[in-house]
Amino acid sequence: MILFPAIDLKDGQCVRLKLGDMEQVTVFSDDPAAQAKSFEDQGFEYLHVVDLNGAFAGESVNGGAVEAILKAVDFPVQLGGGIRSLTHIESWLDKGLARVILGTVAVRDPELVRAACKAFPGQVAVGIDARGGKVAVEGWAETSELSVFEMAQRFEGAGVAAIIYTDIDRDGILKGINWESTLELARATAIPVIASGGLASMDDITRMTAPDAQILEGTISGRALYDGRIDSREALAVLRGAAA
């Protein structure tokens, strides 16, 4: 069970949004590389990074910050936000990313995702960001007609390394993970699922150790870590103890 600390990048800074709204932003650090190194020093084993500006622009905007992160740490890093072409995917993997996360392009061009999975096995994840059970795209600014389950089924057997499932209605407001929909999705697909959006306290960490949650690959934590609502060493100890 992996606990992924999150770094969301906006204008070169580490921020957290509320409900995916770029206007409801809290800045936590103006040095993303130092923040990433701090997470590594705390004992985390994997880092989740999102280029928020890139998600809206459809191309990398915070590339410099991401490259600085990659130079500062040794643990694997996954990146989403504005990655829309095979060339872009290859470029980021060549720079040292462990895997890329494809969101909007997975809705718009599923064949590109399948091609990427073949070209870069084990290094392509799909981000499913849901609002009211429907998949949101373009940095959550638009909602498609595609359901979460249709999206997951679209890539069954394609070689997708993981699905990062975010409940937008829970994101950044510390209301707890939507366990019902997250576990329902995990049971409906053979692709490993990572829970994202809403992780609020050690109660959520403890919930990850329940037998039915063992189907998940892990969970992502942002605001709760930055606010100190979750103690990183305690959380990692709980999850590692459950895996022992």
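Before I turn to the first residue, a word on terms: helices and strands here are DSSP runs, of at least four residues for a helix and at least two for a strand, and they are numbered from the N terminus. With that in mind, and remembering throughout that this is a predicted model, let me start with aspartate 11, which sits in the loop between strand E1, residues 2–10, and strand E2, residues 13–18. Most residues other than glycine have a negative phi. Aspartate 11, although it is not a glycine, has a positive phi of about 55°, and with a relative accessible area of 54% it is exposed.

Let me move on to the helices. Two packed helices are described by the angle between their axes and the distance between the axes. For helix H1, residues 32–41, and helix H3, residues 63–72, the angle is about 35° and the axes are 8 Å apart, and H1 passes H3 in a right-handed crossing. On the H1 side the contact is made by Pro32, Ala33, Ala36, Lys37 and Glu40, and on the H3 side by Ala65, Ala68, Ile69 and Ala72; taken together, the residues of this contact divide into 7 nonpolar, no polar and 2 charged.

Helix H1 also brings us to the aromatic residues, where the count comes to 4 aromatic pairs. The rings of phenylalanine 39 and phenylalanine 44 have planes at 90° and centres 5.7 Å apart, so this pair is edge-to-face, and both of these residues are buried. Phenylalanine 39 also pairs with tyrosine 226, again edge-to-face, at 5.8 Å centre to centre and with 75° between the planes. What parts of the chain does this pair link? It links distant ones, since phenylalanine 39 is in helix H1 and tyrosine 226 is in helix H10, residues 223–226, with the two positions 187 residues apart. Phenylalanine 39 has a relative accessible area of 3% and tyrosine 226 one of 17%; as buried means under 20%, both values fall in that class. Phe28, Phe39, Phe44 and Tyr226 form one aromatic cluster.

I would next like to look at helix H6, residues 110–119, in which Pro110, Leu112, Val113, Ala116 and Cys117 are buried. Why do these buried residues line one face of the helix? Seen down the axis of H6, they fall within an arc of 155°, and therefore they line one face. The face turned away from that buried side carries the exposed residues Glu111 and Lys118. As for what covers the buried residues of H6, this includes helix H4 (86–94), strand E6 (99–102), helix H5 (104–108), strand E7 (124–131) and helix H7 (148–154).

To take one residue of H6 individually, leucine 112 is buried, with a relative accessible area of 12%. Setting aside residues up to four places away in sequence, leucine 112 touches Arg84, Ser85, Leu86, Ile89, Leu102 and Val105. Its C-alpha atom is separated by 17 Å from that of glutamate 150, which is 38 residues away along the chain.

Finally, alanine 195 lies in strand E11, residues 193–196, and at 0% relative accessibility it counts as buried. Which residues does alanine 195 touch, not counting those up to four places away in sequence? They are Tyr165, Ile177, Thr182, Leu216, Gly218, Thr219 and Ile220. For leucine 216, the separation from alanine 195 is 21 residues in sequence and 7.4 Å in space, C-alpha to C-alpha.

Definitions and conventions:
Residues numbered from 1 in each chain as written. Predicted model: local features only at pLDDT ≥ 70, side-chain atom pairs only at ≥ 80, totals over all residues. Heavy atoms only, no water. Axes fitted to C-alpha atoms, helices over the stretch in contact; angles between N-to-C directions. Left-handed = near helix turned anticlockwise from the far one by under 90°. Contact = heavy atoms within 4.5 Å. Nonpolar A, V, L, I, M, F, W, Y, C, P; charged D, E, K, R; others polar. Buried < 20%, exposed > 50% of the residue type's maximum accessible area, 1.4 Å probe, protein only. Arc of directions from axis to C-beta. Phe/Tyr/Trp six-rings, centres within 6.5 Å; stacked < 30°, edge-to-face > 60°.
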